[in-house]
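Visitor: Could you take me on a close look at one spot in this model, and then follow the side chains outward from there? I would like the reasoning as well as the numbers.

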Amino acid sequence: MVAQERKINQMRERLSKDQVLMAPFDGIVTKLNTVEGLASAGEPDVIISNSSQGYRFEVGADAKRLSSIGVSIGERIEVEVDTDNKQRSSVMDGVIEEITNAEPLIEGGSDEGAVTTTVPQKIIRIKIIDAKLKGGEQARIKFEKSSHEKGLLVSSGAVHQDREGMYVFVVEEQPGALGNVFVARKVNIEISEKNDKETMIQSDRIYEEDKIILKSSEPLQDGNRIRLE
């Protein structure tokens, strides 16, 4: 009983001590990861910042695209920050402080049988030191680098996917009895990079002079005759 009482007293002292978290400096809480009743998932419970040590923000990005353009820790980057109640913005110098893995992005339709793809994601944490910052401002970054990948750049609307993979429809001209006719030819491709508007594709069956079908009035199948507009 004496041993159990001593153990209970120690637990009470630890509980009382751990009710308060002491920060190493005065600052502002910028992120709170704790959830009542759940254990920590590996992230810091509380993230704080002060003006002397700078401010931090994070953005999500496609992992493959980051790798292809060579974004790395320690790299300096221009950051556009909204100041003056968003009346104007200022360009500040930032430093990429950390790049970590994030939950992958699932792309694809919600219909039954639709093909989905998993896109690996990264989180970029960027640090800014500037006397104008107070915390809570909105910030934007823009990477402009030459890609190491090679391929043909097409509109993302021209790229389709089925169970066999990614493909596009190419216009094929064939001789006919009353003149040449045009046929939609399905060509399988590989994707090296893409954004919201454009996709870089690779295929040994597509050339720069080929016409790629962006859209059609009716659903297309390989070998369908088409009329160009």
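Visitor: Is tyrosine 167 buried or exposed, and what is its relative accessible area?

Guide: Happy to, and please keep in mind that this is a predicted model. Tyrosine 167 has a relative accessible area of 12%. Buried means under 20%, so with its 12% tyrosine 167 counts as buried.

Let us look at what surrounds that ring. With ring centres within 6.5 Å taken as a pair, the count comes to one aromatic pair. Its members are tyrosine 167 and phenylalanine 169, with centres 5.5 Å apart and planes at 85° to each other. Since edge-to-face requires planes over 60 degrees apart, the 85° here makes the pair edge-to-face. Phenylalanine 169 is buried as well, with a relative accessible area of 6%. Tyrosine 167 also has a charged companion: lysine 186 lies over the face of its ring, 4.6 Å from the ring centre.

From the rings, let us turn to the charged side chains. In general, side chains of opposite charge can pair when their charged atoms come close. A search of the whole structure finds nine salt bridges, and arginine 125 is a good place to start on them. Its side chain meets that of glutamate 58 in a salt bridge, at 3.0 Å from N to O. That pair links distant parts of the chain, with arginine 125 in strand β6 (residues 116–128) and glutamate 58 in strand β3 (residues 55–62), 67 residues apart. Arginine 125 is buried, with a relative accessible area of 16%. Glutamate 58, at 35%, is partly exposed, because that class lies between 20% and 50%.

Arginine 125 has another partner in glutamate 98, where the salt bridge runs 3.3 Å from N to O. Here too distant parts of the chain are linked: glutamate 98 sits in strand β5 (residues 88–108) and arginine 125 in strand β6, 27 residues apart. Glutamate 98 is partly exposed, its relative accessible area being 35%. Taken together, Glu58, Glu98 and Arg125 are linked in a network of salt bridges.

Strand β6 also holds threonine 117, which is partly exposed with a relative accessible area of 24%. Threonine 117 and leucine 105 are 12 residues apart in sequence, and their C-alpha atoms are 8.3 Å apart in space.

Our next stop is arginine 140, which has partners of its own. A salt bridge of 3.4 Å, N to O, joins the side chains of arginine 140 and glutamate 80. This pair again links distant parts of the chain, with glutamate 80 in strand β4 and arginine 140 in strand β7 (residues 139–141), 60 residues apart. Arginine 140 is partly exposed at 34% relative accessibility, and glutamate 80 is partly exposed with a relative accessible area of 33%. The side chain of arginine 140 also makes a polar contact of 2.9 Å with that of aspartate 82. Aspartate 82 belongs to strand β4 (residues 76–83). At 13% relative accessibility, aspartate 82 is buried, whereas its partner arginine 140 is partly exposed.

In the loop between α2 (63–69) and β4 you will find glutamate 75. Its relative accessibility is 19%, so glutamate 75 counts as buried, given that the cut-off is under 20%. A polar atom of the glutamate 75 side chain lies 3.2 Å from the backbone nitrogen of serine 72.

To finish, let us go to the surface. Leu21, Val29, Leu32 and Val46 make a nonpolar surface patch of about 390 Å². One of these residues, leucine 32, lies in strand β1 (residues 28–32). Exposed means over 50% relative accessible area, so leucine 32, at 56%, counts as exposed. Set that against our starting point, tyrosine 167, which is buried at 12%.

Note on methods
Residues numbered from 1 in each chain as written. Predicted model: local features only at pLDDT ≥ 70, side-chain atom pairs only at ≥ 80, totals over all residues. Heavy atoms only, no water. Phe/Tyr/Trp six-rings, centres within 6.5 Å; stacked < 30°, edge-to-face > 60°. Buried < 20%, exposed > 50% of the residue type's maximum accessible area, 1.4 Å probe, protein only. Lys NZ or Arg CZ within 6 Å of the ring centre and 35° of its normal. Patch = residues over 30% accessible without salt bridge, like charges linked within 9 Å, V, L, I, M, F, W, Y side chains within 5 Å. Areas by Shrake-Rupley, 256 points an atom, 1.4 Å probe, with all protein chains shown as cover. Salt bridge = Lys/Arg side-chain N within 4 Å of Asp/Glu carboxyl O. Helix = DSSP H or I, 4+ residues; strand = E, 2+ residues; numbered from the N terminus. Polar contact = N/O pair within 3.5 Å; in protein donor to acceptor, adjacent residues only side chain to side chain.
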